[in-house]
Amino acid sequence: MNRRTLTLGAALVAMLCTAALPAAAETIPLLRDQAIVAEGNVHLGDVFANVDQQASRVIAAAPAPGARMILDAEQLMAIAAANGISWQPRSRFDRITIERESRVVDAREIERQLADAIAAASGRVEFEVDVENRQQIVHLPVGGEVRIEIENLRVDARGRRATATLLAPNGDGGMNRVPVTARLFPVVDVPVLRGPVMPGQAIGESDLDWASVRADRLRRDMITDARWMIGMTPRRAITPGLPVAVRDLQERIVVQKNSMVTIVLRSGSLTLTARGKALEDGALGAAIRVLNPRSDRVVEATVISPDTVEIQSLQMIGAAQVQAASNVALKAGSYR
């Protein structure tokens, strides 16, 4: 055997060994670090890797949704032996933690469902609900339309308390019953903005919605009547869906200070108009001062529409000045 033959033989052996290593590793069952299961059973493949042919075998019932279970070294050896896989613990401390997936129903959702049940029983929303144990949560199995139900609801409106039992499916065909106690707080309905309304934009009926607010949290300056909002405009940005304070609104300015306005004067069947300069801002129905530049006199006028004011009496500015202004306007073609 010459040197070239030995070199080729060594290379061939190395190739065979290299190719064989991964295959050998895949056949060795390995304990997983942890397992998270979604359904009601724990399978062999949840606990051990590299058990492809037996991975779907059920080895134990899963813990309840949201709960955990631990399999220690002795239990794992028994499972391995029962399923014919070659596995030995590295030490007596080998173990695996198995957790059941869940959908958490927290205190806020419990309060919402309890409030809905109370409203359904009375036909209207009367109370906001606070569960006494804010740390109380309920775990539901994942998958499908699963939700808690409420039974044994008892409402003490005078004492402002409620008790009930929550029925929570456990994912295995059964129900967990969880008692719950809550305090009740009377609510009032208040008008709120349905969406953004910009300052200067008049609030209409279609811009409003209603929200229930705890009576003990409603400030005295909060608006409770929608009529107080319609036709007004926000003084600043207002968050939709939240109660609105009186100071958040103002009358809508339709005449701007220093802008030119049309002065309307009515006397019997006679209607005269002239141009004037507003000396202050004015909302609909507001009385503002207006300068008549031709007579150089200031009159008080009522805002009747955007950029239009009205005076009621000739005596307020003097009949002669109005007539002169009207004649000038007529010649200029602005008389109407």
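A residue counts as buried when its relative accessible area is under 20%, and as exposed when that value is over 50%. Keep those two words in mind for the views below, which all show a predicted model.

**View 1. Helix α3 has a buried side and an exposed side.** Start with the helix that spans residues 73–82, where Ala73, Leu76, Ile79 and Ala80 are the buried ones. Look down the axis of α3 and these buried residues fall within an arc of 120°, so they line one face of the helix. Now go round to the face turned away from that buried side: here sit the exposed residues Glu74, Ala81 and Ala82.

**View 2. Here are the surroundings of α3.** What covers the buried residues of this helix? The cover includes a helix, α2 (44–47), along with the strands β1 (30–31), β4 (48–49), β5 (58–61), β6 (68–72) and β7 (95–100). Follow the chain just past the end of α3 and you'll meet Gly84, which has a positive phi of about 70°.

**View 3. This is the largest pocket.** Its volume comes to about 280 Å³. Which element gives the most to the lining? That's α4, with five residues. Both α4 (107–122) and β9 (127–131) give two or more residues to this lining. If you want to find the pocket yourself, look for lining residues such as Glu111, Arg112, Phe127, Asp130, Val187 and Ser212, which are among those around it. Sorted by class, the lining has six nonpolar residues, five charged ones and one polar one.

**View 4. Strand β9 pairs with β13.** Is β9 mostly covered or mostly open? Four of its five residues are buried, so to speak of it as mostly covered is fair. Its partner is β13 (residues 175–193): the two strands run antiparallel, and five bridges join them. To pick out one of these links, find Asp130 in β9, whose bridge partner in β13 is Arg183.

**View 5. Arg134 sits in a loop after β9.** The loop in question lies between β9 and β10 (138–140). How exposed is Arg134? Its relative accessibility is 43%, which lies between the two cut-offs, so Arg134 counts as partly exposed. Setting aside neighbours within four places in sequence, Arg134 is in contact with Ala107 and Glu111. You can also pick out Ile110 here: it is 24 residues away from Arg134 along the chain, and 9.9 Å separates their C-alpha atoms.

Key:
Residues are numbered from 1 along each chain as its sequence is written. This is a predicted model: local features need pLDDT of at least 70, side-chain atom pairs count only at pLDDT 80 or more; totals for chains, interfaces and linings use all residues. Side-chain values use heavy atoms; hydrogens and water are left out. On a 1 Å grid over the protein atoms alone, a cavity is a set of points where a 1.4 Å probe fits but cannot get out, and a pocket is an open set with protein on both sides within 12 Å along at least five of seven lines; lining residues have an atom within 4 Å of a point. Grid points are joined across faces, edges and corners, and a volume is the space filled by probe spheres set on the points. Ala, Val, Leu, Ile, Met, Phe, Trp, Tyr, Cys and Pro count as nonpolar, Asp, Glu, Lys and Arg as charged, and the others, Gly among them, as polar. Buried means under 20% relative accessible area, exposed over 50%, partly exposed in between (1.4 Å probe, protein chains only). Two strands pair if DSSP finds at least two bridges between them. Contact means heavy atoms within 4.5 Å. The arc is that of the directions from the helix axis to the C-beta atoms.
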